[in-house]
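Here's an informal walk through one small piece of structural modelling, written for someone who would rather be at the bench. Take a look at the sequence and the fold first, then read on.

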Amino acid sequence: MSQYVDLSAYDGWACADCGEPLIKGKVDISYLGNSFPVDLLKCPNCGLVLIPEELALGKMVEVEKGLEDK
């Protein structure tokens, strides 16, 4: 899904909890019993994940609708 979101727009962002710089990595997202890997920014220390607004309000909504229709 990260191919739909420009993660470079978040270069230099840090974790709100730890202050560590966020790194790109695989994150498993689950919804309605389905799980899929996505490249997102996450904290290497505590694992907090940044889900960009355009992904949450855009592509994720499309995926949710598709899964709900199954």
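What pLDDT does the protein average, and what share of the residues score at least 70?

## How far to trust the model

This is a predicted model, so the confidence scores come before anything else. The average pLDDT for the protein is 82, and 81% of the residues reach at least 70. Broken down by element, strand β3 (residues 49–50) has the highest mean, at 94, while helix α1 (residues 53–69) has the lowest, at 71. As a rule, predicted coordinates should not be read in detail where pLDDT is low.

## The overall layout

The protein has 1 helix and 3 strands, and along the sequence they come in the pattern β-β-β-α. Of its 70 residues, 30% count as buried.

How much of the contact map is long-range? Taking contacts in the protein with a separation of 6 or more, 46% are between residues 24 or more positions apart.

## The sheet

The 3 strands make an open sheet, ordered β1-β2-β3, with antiparallel pairing. Strands β1 and β3 sit at the edges with a single partner strand each, so each has one side without a neighbour in the sheet. In general, strands of a sheet pair through backbone hydrogen bonds, in either a parallel or an antiparallel way.

Now for the two pairings. Strand β1 (residues 23–31) and strand β2 (residues 34–42) run antiparallel and are joined by 9 bridges. One of the pairs across them is Ile-29 with its bridge partner Phe-36 in β2. The two strands form a hairpin with 2 residues between them, and Leu-32 in the turn has a positive phi of about 50°. On the β2 to β3 side, 2 bridges hold the antiparallel pair together, with Lys-42 facing its bridge partner Val-49 in β3.

## A salt bridge across the hairpin

Which residues make up the salt bridge, and how far apart are the closest N and O atoms? The partners are Lys-26 and Asp-39, with 3.4 Å between the closest N and O atoms. That is the 1 salt bridge in the count. The pair links distant parts of the chain: Lys-26 belongs to strand β1 and Asp-39 to strand β2, 13 residues apart. Side chains of opposite charge can pair when their charged atoms come close.

Are the two partners buried or exposed? Lys-26 counts as exposed, with 54% relative accessibility, whereas Asp-39 counts as partly exposed, at 21%. Asp-39 is not classed as buried because that label requires a value under 20%.

Phe-36 is also found in strand β2. Phe-36 is buried, at a relative accessible area of 17%. Phe-36 and Lys-26 are 10 residues apart in sequence, with 9.8 Å between their C-alpha atoms.

## The nonpolar core

Nonpolar side chains tend to be buried together in soluble globular proteins. Here, the largest nonpolar core holds 14 residues, and the members that touch the most others are Leu-22, Ile-29, Val-38, Leu-40, Leu-41 and Leu-50. Strands β1 and β2 are the elements that give two or more residues to this core, and β2 gives the most, with 4 residues.

What does Leu-50 touch, leaving out residues up to four places away in sequence? Its contacts are Tyr-10, Trp-13, Leu-22, Leu-40 and Leu-41.

## The segment before the sheet

Two of those Leu-50 contacts, Tyr-10 and Trp-13, bring us to the aromatic side chains. The structure holds 1 aromatic pair. Tyr-10 and Trp-13 form this pair in an edge-to-face arrangement, 4.9 Å centre to centre with 80° between the planes. The pair counts as edge-to-face because the planes are over 60 degrees apart. Tyr-10 counts as buried, at 11% relative accessibility, while Trp-13 is partly exposed, with a relative accessible area of 42%.

Leu-7 lies in the segment before β1. With 10% relative accessibility, Leu-7 counts as buried. Leu-7 and Ile-23 are 16 residues apart in sequence, and their C-alpha atoms are 9.9 Å apart in space.

Definitions and conventions:
Residues are numbered from 1 along each chain as its sequence is written. Side-chain values use heavy atoms; hydrogens and water are left out. Rings of Phe, Tyr and Trp (its six-membered ring) pair if their centres lie within 6.5 Å; planes under 30 degrees apart count as stacked, over 60 as edge-to-face and the rest as tilted. Buried means under 20% relative accessible area, exposed over 50%, partly exposed in between (1.4 Å probe, protein chains only). pLDDT is the predictor's confidence in each residue, from 0 to 100. Two strands pair if DSSP finds at least two bridges between them. A salt bridge is a side-chain nitrogen of Lys or Arg within 4 Å of a carboxyl oxygen of Asp or Glu. A nonpolar core is a set of buried Ala, Val, Leu, Ile, Met, Phe, Trp, Tyr and Cys residues joined through side-chain atoms within 4.5 Å. Contact means heavy atoms within 4.5 Å.
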